[in-house]
Structures are given as structure tokens and as C-alpha cells.
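Colleague: I would like to learn how to read helix packing and burial from a model. Could you take me through an example?

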Amino acid sequence: MSEISAPKGVRDILPEESWKWAYVFRVFRETAEDFGYSEVHLPIFEHTELFARGIGDTTDVVEKEMYTFLDKGERSITLRPEATASMVRSYLEHRMGALPQPVKMWCTGPMFRYERPQKGRFRQFWQVDFESLGSPHPYADVEIISLSLEAFRRLGLSHLEVLINSVGCPECRPAYRKTLSDYFSSRIDELCETCRSRLERNPLRILDCKRESCRSVTEDAPAVYESLCGECRDHFDMVRAGLDGTGTPYRLDKRLVRGLDYYTKTAYEVLSGALGSQNAVCGGGRYDNLAEAIGGPHVPGVGFAAGVDRILMVMEQQECSFGTEPSIDVYGVALDRDSRAGILHMLDLFRRNGISADMDFGGRSMKAQMKSASARKARLACILGESELERGTVTVKDLDSGEQKEISADSIVEEVQKILSAVKD
């Protein structure tokens, strides 16, 4: 064992698990294509100002959780804690406002937040992120919610439920903040220390507190609906009507807020699981003022992010299928030293013709090589020894049925293709 291990809060995604990750990414990619979203690849670090201005100075992310450092040019750099701000920066930098709107993009990759590691939560974690930029229409909100639901349905998650709320806009939010502040001030002794500090800076965040004492206080907190301006109320009504029109069940949750300052109007989460054991598998909403916050023009946007670690954990809890575990078509078995070159040449032919293949490189016994073939879940073993070399043949063994036959080495690729095709049919 090495004297150096991975830092706290990060982990290796090993082969026995990585194929499940690949399955989840494939489902999201296929769903994205069906909804007209294009994939982008973003840098994993940005200028710190992007997140400080975009996410908000008073958020826990900016105050406590960002990995920030000075580079060799004395510039403040931050490993991205989320992707939305980077997505909007990319939209602005590459003048995507000149394209037909909305511009619909998605990405996946690691994010970084310094927080206490716990089950399903790491300091380096992976997200899928979808953003629709350039349209203020409520139906863009409906589409992003529908997209997330469809991806989770395809992954096999059960009992999906949408929670929605409106967090208003800069026009109506100050009045609601004042109403909330007055209410929580009257019950300040019942709030935890963290929520007391939030009271002056951002009382909406108290609604999101998970402590039982604070949740009991928020039960009777004023709902945002009474404070919404006409535009926000109309927008929220159209989102609800759109969800009703698509047959999407949802539940209003007045305590649902997003932890980042850039959200406006629609906020939503998707839960999965039986009542009492539900898990939040994604969160998102509208952020019409983010582009302006980072120095750009007004660009309305809506999107969501989902943690891949959390999705995998929930899928395993619910015993969802991850598709077929990777295997190989052929494992080459060399019975002596002279046969290894023949096996290597044969495997090269297989691979060039789309047949996955592997072999042993350690000169081990036939029994050990056959054991490796089974461990790799190979469909066939192609065995080559002195007698096969003399006859110009290869012994092909079906590792499921145990049947085997000799095949001419000159036609081995074609014959193996026929065997594999028959199995697939």
C-alpha cells in the first residue's frame, strides 16, 4: 500500500463501479438529444469573481465551501462549485445571444465544495447540468422539469414527485423578505444559531434549514404566494398550467428555496422513493438575473443540476437496472510460449473487426487463464497450443455451454462473428 492516499472527501471510481456511471451518463445524453440539448465541456476552474458575483457573497458556497487559491500570476482562481455560472459565462463569452433562442446546453463533470464528507456527498462530486438560456417563457421551465423527470424515468427511479415553488424576483422579493424577517424575529429563540445569522442576511435560507426545531418554526411561516408581483404570479400560474397539461404531478412547497442567490421565480426539486424514504435527486429553477450579475446583458435562463453520486446511491437502493455489465467477446488462451505470438496476432484481428478481446500476459497455466476468462465474463475462449499451430486451427470454447470445436485459423474472425451474432439474435 502506498504511503500517499487520496485526500479526505474524494474517491476513486473503480472499474466495478465506473460502468454504472457510464450507464447513467448515457441515459442523460440520450435524453438530452431527444429534447434538443447540446453537450458542452467547461473548464473546472474559473476566476473567483464569477462565483462570488454570480452565486452571491452571502451564500454558504461562497463564504465557506469554495476551493479558492492564487495562481502564479496572483489571480484568484476557484475550482467550480457548480456549473450554471460557468454555463452562462460561456454563453456570454461566445456571443450565443446571436443564435436562435433558447440555447439549450448540458454538461457533466466534477464540482468541488469544501464541506463535511458524508454518505452520497463528497468534496469532489460529479453533476449533470442542463441549462436553457435566452427564453423567459414559463414553458421553458416546464420543459426543463419534464426533461429531468424523463431522464429519471429512463433510469428506473420510482415514485417520482416534483416539488415547486416561486422565489419571486427583485421586484417582489424585498417585501417577502421583510415579511419573513418580521415573522422569524418574533420566534428567534426557536431558531438554530446558523439560522439566527441568516435572519439579517438572507431570511429565505431559514426556510431550507433541515434542523427539526427550525422546520417546526417554518411550518407556520408566511408563504411567498401572497407577496408575488403580477408578473411572477402569472409566470408561476403558467408553469403550473403547463405541468397540468403534460400530466406531471407536482406539489407546492412554500419552504422550497434554492441555496444560491441567482434564482428567480420558479424553484423545483424532484424526489424519488416511497413516502417516508424519499430522496432529492435534482434541484433547479429559473435565474433571469445571473447574466447581469456577472456583467452581461439580461439573459433569462432556467435549468437543473443532479448529483451523480446521489443518483447512483438511490438507484442501488431501489435496485434499478444499470444495463449489462461490461464483458468481452473473446479471451485468448495460449498453452505454451510459442502460442502467445499467435494469440496476440489473432486478438489484433478480432479488435480490428469489432470483436472485443483480451489475453493473459503472465505465461500462466491454462487453468489460470480459463479462470481469468470467466472473471472477465468472456463469451468465448480461443485456445491455441502446439497441436493447433501444427494443424492451422484454433479451439473455440463456448464458456456458457462448455461446447468447443476447432476452427481454421484462416476463417477464425468470420466464424467467431457468426457465433457471436447467433448468440445476440
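Modeller: Happy to! Keep in mind that this is a predicted model. Let us begin with helix 1 and helix 5, whose axes come within 9 Å and cross at roughly 140°.

Colleague: What do those two numbers stand for in general?

Modeller: Two packed helices are described by the angle between their axes and the distance between the axes. In this case, the angle counts as oblique because roughly antiparallel needs over 145 degrees, and helix 1 and helix 5 are therefore oblique to each other. As for handedness, helix 1 passes helix 5 in a right-handed crossing.

Colleague: Which residues make the contact between helix 1 and helix 5?

Modeller: Helix 1 brings Y23, V24, V27, F28, E30, T31 and D34, while helix 5 brings L147, E150, A151, F152, R154 and L155. Sorted by class, the contact of helix 1 with helix 5 has eight nonpolar, one polar and four charged residues.

Colleague: I see spacings of three and four in those lists. How should I read them?

Modeller: An α-helix has 3.6 residues a turn, so residues three or four places apart point the same way. You can look for that pattern in the next pair too. K20, W21, Y23, V24, F25 and F28 in helix 1 meet V308, D309, I311, L312, M315 and E316 in helix 11.

Colleague: At what angle do the axes of helix 1 and helix 11 cross?

Modeller: The axes of helix 1 (residues 15-34) and helix 11 (residues 308-317) cross at roughly 105° and come within 11 Å. That makes helix 1 roughly perpendicular to helix 11. Their contact has nine nonpolar, no polar and three charged residues.

Colleague: And how does helix 5 sit against helix 9?

Modeller: Helix 5 (residues 138-155) and helix 9 (residues 230-245) have axes that come within 8 Å and cross at roughly 45°. Helix 5 and helix 9 are therefore oblique to each other, and helix 5 passes helix 9 in a right-handed crossing. The contact is made by P138, Y139, D141, V142 and I145 of helix 5, together with H235, M238, V239, G242 and L243 of helix 9. These residues divide into seven nonpolar, two polar and one charged.

Colleague: Let us turn to the interior. Which residues touch the most other members of the largest nonpolar core?

Modeller: They are F28, F130, F152 and F184, in a core of 92 residues. Helix 5 gives the most to this core, with nine residues. You have already met F28 in the contact of helix 1 with helix 5, along with F152. Leaving out residues up to four places away in sequence, F130 touches F28, A32, Y37, M105, W106, I144, L147, V302, G303 and F304. Apart from the largest core lies another, of 20 residues, among them A357, L380, I407 and L420.

Colleague: How do I decide whether a single residue is buried or exposed?

Modeller: Look at relative accessible area: buried means under 20%. Take S86, in helix 4 (residues 84-93). At 0% relative accessibility, S86 counts as buried. Beyond its neighbours within four places in sequence, S86 is in contact with L42, E46, L50 and F51.

Colleague: How many residues of helix 4 are buried?

Modeller: Eight of its 10 residues are, so helix 4 is mostly covered. The buried residues are T84, A85, S86, M87, V88, R89, S90 and Y91. Their cover includes strand 2 (45-47), helix 2 (48-55), strand 5 (103-112), strand 6 (124-133) and helix 10 (290-293). Just after helix 4, R95 takes a positive phi of about 50°.

Colleague: Is there a buried residue in a strand to set beside S86, and what does it touch?

Modeller: Try T78 in strand 4 (residues 76-79). T78 is buried, with a relative accessible area of 0%. With neighbours within four places in sequence left aside, T78 is in contact with I44, F45, E46, T48, F51, M66, Y67 and T68.

Colleague: Where is E219 found?

Modeller: E219 lies in the loop between helix 8 (212-218) and helix 9. At 45% relative accessibility, E219 counts as partly exposed. Its contacts, leaving aside neighbours within four places in sequence, are K254 and R255. E219 and R255 are 36 residues apart along the chain, and their C-alpha atoms are separated by 8.1 Å.

Conventions:
Residues are numbered from 1 along each chain as its sequence is written. This is a predicted model: local features need pLDDT of at least 70, side-chain atom pairs count only at pLDDT 80 or more; totals for chains, interfaces and linings use all residues. Side-chain values use heavy atoms; hydrogens and water are left out. Axes are lines fitted to C-alpha atoms, for helices over the stretch in contact, and angles run from 0 to 180 degrees between N-to-C directions. Helices (H or I, at least four residues) and strands (E, at least two) are DSSP runs, numbered from the N terminus. Angles under 35 degrees count as roughly parallel, over 145 as roughly antiparallel, 65 to 115 as roughly perpendicular and the rest as oblique. A crossing is left-handed if the near helix is turned anticlockwise from the far one by less than a right angle, and right-handed if clockwise. Contact means heavy atoms within 4.5 Å. Ala, Val, Leu, Ile, Met, Phe, Trp, Tyr, Cys and Pro count as nonpolar, Asp, Glu, Lys and Arg as charged, and the others, Gly among them, as polar. A nonpolar core is a set of buried Ala, Val, Leu, Ile, Met, Phe, Trp, Tyr and Cys residues joined through side-chain atoms within 4.5 Å. Buried means under 20% relative accessible area, exposed over 50%, partly exposed in between (1.4 Å probe, protein chains only).
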